[in-house]
Amino acid sequence: MILRHSILAAALPLALFAGGAHAGKSATPMTADYVGTTEAMAADAVYFVVTDRYVNGDPSNDQHEQGRDKGAAYFTFDRPTPGAEAEGDNIGYLGGDFRGVLDNADTIRDMGFGAVWITPIVDNPDEAFTGGKRAEKGGFLTDGGKTGYHGYWGVNFYKLDEHLPSEGLDFAGFTKAMRDRQLKVVLDIVANHGSPSYSMPKPQPPYGQLFDRDGKLIADHQNLPPDKLDPANNPLHAFYNTKPGLAELSDINENNPAALDYFVGAYSQWIDQGAAAFRVDTIPWLPHAFWKAFAERIRAKRPGFFMFGEAFDYKAEKIAEHTWIENGAYSVLDFPLKEAMAEVFGRQRLGYERIAPKLFLDGGPYRDPYALMTFYDNHDMPRLDASDAGFIDAHNFLFTARGIPVIYYGSETGFMRGAAEHAGNRNYYGQARVDAGKDHPIQQAMRRIARVRAASPALQRGLQVNLEMAGDRAAFYRVLQHEGVSQIALVLLNKGDAPTDFAVSDRLQPGRWRNALDGTQVRVKAGGALRATVPAHGVQVFVLDAPVRDAALRASLDRAAKGAKPRG
């Protein structure tokens, strides 16, 4: 019997949208433990926003007049990027804030996300930067004329930037309100650098300065290039390195114990106010010893606190070092998989065989490949250049394969597809696009598969066993058998332009399989096959809530468990 299912246009019933709602509770003892990761964060797909560019929920905090009294070179609000005006690019503040995110929390949750990653919240300079090379279309690490709208130019890491809160909605209030809407807040943190610090025509405080929790000046680059700093004789230089780092940014001295104390204290404060996890900016720019010490001190306060780093490198063996226990046991953004996803789902439309080896399911270099953050683009690279169908295919894979999915704001509608930084990558999204996006075909398809993941423990934390991954077709199992929960999910993917038939009998366990997209059931007899037609650019997920009894599947899972065994 051939089952012909199309992906339903309607969203899944809300009753299905509780993690593990249909996970089987085994009535018989399970003989083996099959789990890809025990990381709790794996339950939550992550929606990433550059906060200033998402939605302006409170115009009263926009600071329109900031810097204007000093002239055109200094004002901070609405500074079109030279040469990129046609793309709508901007290097000034545009008004996005906590209220804009909170006002759309229900929409984000409805799309299937359990967490929102926001850009840094710490205080940034109140003027545009007058040094460096001019920021313009096509520029990279060019900051002249730019503001700290993105949050990465901290001058006081204990102080909340004034562009973000509203009356009655500081960071603690924001995280609480988000939790009330079943969304965790992932906070982007920086310890590698502060604000741009030299090359200005004249000193421009607070650029290059650093303040403590009491507002006391504790570091000052004094508009000097790094090699002119004198940390041995000037205490205000001791926080900074005497070698250049990224662009003209003040490069933190990782060997100064006071620097570690400063950042542990600052970020502990934001944990106390509700940050549920950290994304660590530019993690390779500080040594493993620094991050190991940082992790130990943070987790002494919050055991098991989840952190993932940005190591912008496509070599798995290189970024994997950050995941090792001896280096702090961070997760990382999965750049090697991102590279393959762009090839497979972008305009090239290469086959799934490009993805298979980048999953590192068997003996790879990572401590825990199932807790890696999987993505296809972000704010530091060109957005995915794909058709609507390409985005749908990417989401069908991302929300069913191993790892924790991260989606950059606007991708649910193909917003500014293919655009690089300073060419529209970080353009303002706005409430009108949020509202219109609910009817967009990319968002509708993403909502369906993301909500399937949110309801399936196997898709969140289960081991992955590939059956087929080549051309336009992929088929794999995700299996979880852990702490009394047992679930087998069979994922069928088709990124082709025509429907394709699957007949799966390999390691297929008999039983009553449930179609996770429409709730219908398929009975599979011993020795039989599960047959399904997957539509063009479609996905099917069949779920069996039962312990693993098939001997061949058990053998594959034993190998998968060994291959994914955490390093160290």
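Arg447 forms a salt bridge with Asp110, with 3.0 Å between the closest N and O atoms. A salt bridge here is a side-chain nitrogen of Lys or Arg within 4 Å of a carboxyl oxygen of Asp or Glu. Arg447 sits in helix H10 (residues 441-454) and Asp110 in helix H2 (residues 105-110), so the contact ties together parts that are 337 residues apart in sequence. Helices (H or I, at least four residues) and strands (E, at least two) are DSSP runs, numbered from the N terminus. Arg447 is buried at 10% relative accessibility. Asp110 is partly exposed at 31%. Buried means under 20% relative accessible area, exposed over 50%, and partly exposed in between (1.4 Å probe, protein chains only).

The model is predicted: local features need pLDDT of at least 70, side-chain atom pairs count only at pLDDT 80 or more, and totals for chains, interfaces and linings use all residues. Residues are numbered from 1 along each chain as its sequence is written, and side-chain values use heavy atoms, with hydrogens and water left out.

**Salt bridges**

The whole structure holds 31 salt bridges. Three of them are tabulated here.

| Pair | Closest N to O distance |
|---|---|
| Arg447 and Asp110 | 3.0 Å |
| Glu136 and Arg134 | 2.9 Å |
| Lys301 and Asp272 | 3.3 Å |

Glu136 is partly exposed, at 33% relative accessibility. Lys301 pairs with Asp272. Lys301 belongs to helix H5 (residues 288-301) and Asp272 to helix H4 (residues 257-272), so this bridge ties together parts that are 29 residues apart in sequence. Both ends are partly exposed: Lys301 has a relative accessible area of 35%, and Asp272 has 48%. Elsewhere, shared partners join Asp143, Lys146, Asp380, Glu421 and Arg426 into one salt-bridge network.

**Helix H10**

H10 carries Arg447. The helix has 14 residues and reaches 20 Å from its first C-alpha to its last. That is close to the 20 Å expected at 1.5 Å a residue. The expected span is 1.5 Å times one less than the number of residues.

H10 is mostly covered, with twelve of its 14 residues buried. Among them are the arginines Arg447, Arg448, Arg451 and Arg453. Ile442, Met446, Ile449 and Val452 are also buried. The cover over these buried residues includes H2, helix H8 (388-398), strand S16 (404-408), helix H9 (431-437), helix H11 (457-461) and strand S24 (538-544). Contact means heavy atoms within 4.5 Å.

**The largest pocket**

The largest pocket has a volume of about 680 Å³. It is lined by 29 residues. Leu141, Leu246, Thr282, Glu310 and Asp380 lie nearest its centre. Asp380 also belongs to the salt-bridge network with Asp143, Lys146, Glu421 and Arg426. By class, the lining has twelve nonpolar, seven polar and ten charged residues.

The terms are as follows. On a 1 Å grid over the protein atoms alone, a pocket is an open set of points with protein on both sides within 12 Å along at least five of seven lines, a cavity is a set where a 1.4 Å probe fits but cannot get out, and lining residues have an atom within 4 Å of a point. Grid points are joined across faces, edges and corners, and the volume is the space filled by probe spheres set on the points. Ala, Val, Leu, Ile, Met, Phe, Trp, Tyr, Cys and Pro count as nonpolar, Asp, Glu, Lys and Arg as charged, and the others, Gly among them, as polar.

**Loops**

Two loop residues are buried among distant parts of the sequence. Asn427 lies in the loop between S16 and H9. Asn427 is buried, with a relative accessible area of 6%. Leaving out residues up to four places away in sequence, Asn427 touches Arg53, Glu87, Gly88, Asp89, Tyr409, Phe415 and Met416.

Leu372 lies in the loop between helix H7 (335-345) and strand S15 (373-374). Leu372 is buried at 0% relative accessibility. Its C-alpha is 5.0 Å from that of Gly403, 31 residues apart along the chain. Gly403 is also one of the residues that Leu372 touches, along with Arg402 and Ile404.

Backbone geometry marks other loops. The peptide bond from Pro205 to Pro206 is cis, with omega near 10°. Pro206 is in the loop between strand S8 (193-196) and strand S9 (209-211). Asn223 is not a glycine, yet has a positive phi of about 60°. Asn223 lies in the loop between strand S10 (217-220) and strand S11 (249-251), and is buried at 17% relative accessibility. Ala247, found in the loop between S10 and S11, has a positive phi of about 45°.
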